[in-house]
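This report goes through one protein model, from the surroundings of its ligand to its overall build and a few backbone details.

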Amino acid sequence: MAGIVEQILSLATMAYQYVLLLLDICRLIFQTTILYITAIWHIFKPPPPKSVSGEIVLITGTGHGIGRELALQYSRLGAKVVCLDINEVNNNKTIGEIKREGGAAWGYKCDVSNREDVRAVSQKVRDEVGDVTVLVNNAGIMPCKPFLKHTPDEIERIFKINVFAHYWTLREWLPSFIASGHGHVVAVSSICGFMGTANLVPYCSSKFAIRGLMEGLVEEMRYGGRNTNIKFTTIHPFTIDTGLAQKPRIRFPVLNPITTPAHCAEAIIDGMRRDYETVCVPTRDYYLHIFTGILPNSVRKVFLDFMDTGVDEHDT
Ligand SMILES: NC(=O)c1ccc[n+]([C@@H]2O[C@H](COP(=O)([O-])OP(=O)(O)OC[C@H]3O[C@@H](n4cnc5c(N)ncnc54)[C@H](O)[C@@H]3O)[C@@H](O)[C@H]2O)c1
């Protein structure tokens, strides 16, 4: 008798577990359908941009190019801008421009690849400006040559600036984001963070690393729903007209246009303000990446040969 009761109980438990699993699957299907529809809807009607007025935005690499434009444009939107660059002269020019426009900006000379420098400058920022609420890791270098021509020192330098600098600034500012439940991290990767490119092997791997860093952080912060108010945006620009890519090779400029730094900064800020996690500049590169990702490898290679896009070797 006891054996029969035990059997019935175990069958009932199993049935109960199956019902729970079925309900879970139904919920998953319902959730993903709604989110899918919302995502498609957002392609045509993007979510409204949040305000950055009053935010303290720290940007690295503000002396030139995309970083300079980001500083100017964030300031025009009412943010207090903290500008870090290893080149003090150029950085001061950016600060001067912001102040002439009536904005609020603070400039600091900082080698972001140097952990001690980042720590000391961050303390100064805390004392003189306050806690940063938006961190934009933008500074980067792009030596362009075949893999075996890169010296070991150069490879290390690429990783120190393009990757480790992100770690040092994040270690300074993420704790206050977590403590206040408010903050946004923007990382400038590259289209090279999506696809390997000849003459840019260390650069590509550094930009892939940024994607890993940001995706890992997103997962860690949202785990258990703990820090979902902290937002992360990774940027993947194609060629921007800053002089970084000195010899771009583009077969179809209509399909792969070179973007101005001003337009790139505009797209970065727009994506950040809408809390997008991934932003390509131009936007269509995102869909192109998805398209090439589903192609068989051999077809993908023929397609890439047809597009013939890349960078040729240059000296600096
Ligand atoms: N320009 C492009 O075509 C392109 C394309 C994709 C991604 N990106 C990325 O965008 C970011 C900005 O590129 P850009 O074209 O504006 O470059 P840029 O060379 O025009 O400006 C980079 C700025 O960073 C500063 N910098 C360099 N090393 C530094 C360090 N150790 N510490 C502090 N500041 C430092 C430089 O002084 C300079 O002011 C980079 O991460 C780059 O990889 C650029």
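A residue is counted as near a molecule if its C-beta atom, placed from the backbone, lies within 6 Å of that molecule. The model described here is predicted.

**Ligand shell**

Around the ligand there are 31 residues, and those that come nearest are Gly 61, Gly 63, Gly 65, Gly 140 and Thr 242. Two elements, α2 (65–76) and β2 (80–85), give two or more residues to this shell. The largest share comes from α2, with 3 residues. By residue class, the shell holds 14 nonpolar, 15 polar and 2 charged residues.

**Overall build**

The protein has 316 residues, of which 35% count as buried. Its secondary structure comprises 9 helices and 9 strands. Taken along the principal axes, the box filled by the C-alpha atoms is roughly 90 × 55 × 40 Å. The chain is divided into domain 1, residues 1–40, and domain 2, residues 52–311. The centres of domain 1 and domain 2, taken over C-alpha atoms, are separated by 44 Å. Among the contacts in the protein with a separation of 6 or more, 69% are accounted for by residues 24 or more positions apart.

**Backbone details**

Two residues other than glycine with a positive phi are listed below.

| Residue | Phi | Loop |
|---|---|---|
| Asn 199 | near 70° | between β5 (183–188) and α6 (201–222) |
| Asp 275 | near 60° | between α7 (261–273) and β8 |

Are these two residues buried or exposed? Asn 199 has 21 other C-beta atoms within 10 Å. A residue is buried if that count is 20 or more, so Asn 199 is buried. Asp 275 has 13 other C-beta atoms within 10 Å. Exposed residues have 12 or fewer, and Asp 275 is therefore partly exposed.

The peptide bond between Val 281 and Pro 282 is cis, with omega about -5°. Pro 282 lies in the loop between β8 (278–281) and α8 (284–293). The strand β8 thus borders both the loop that holds Asp 275 and the loop that holds Pro 282.

Technical notes:
Residues numbered from 1 in each chain as written. Predicted model: local features only at pLDDT ≥ 70, side-chain atom pairs only at ≥ 80, totals over all residues. Helix = DSSP H or I, 4+ residues; strand = E, 2+ residues; numbered from the N terminus. Contact = placed C-beta atoms within 7 Å. Domains from an automatic or database assignment. Nonpolar A, V, L, I, M, F, W, Y, C, P; charged D, E, K, R; others polar.
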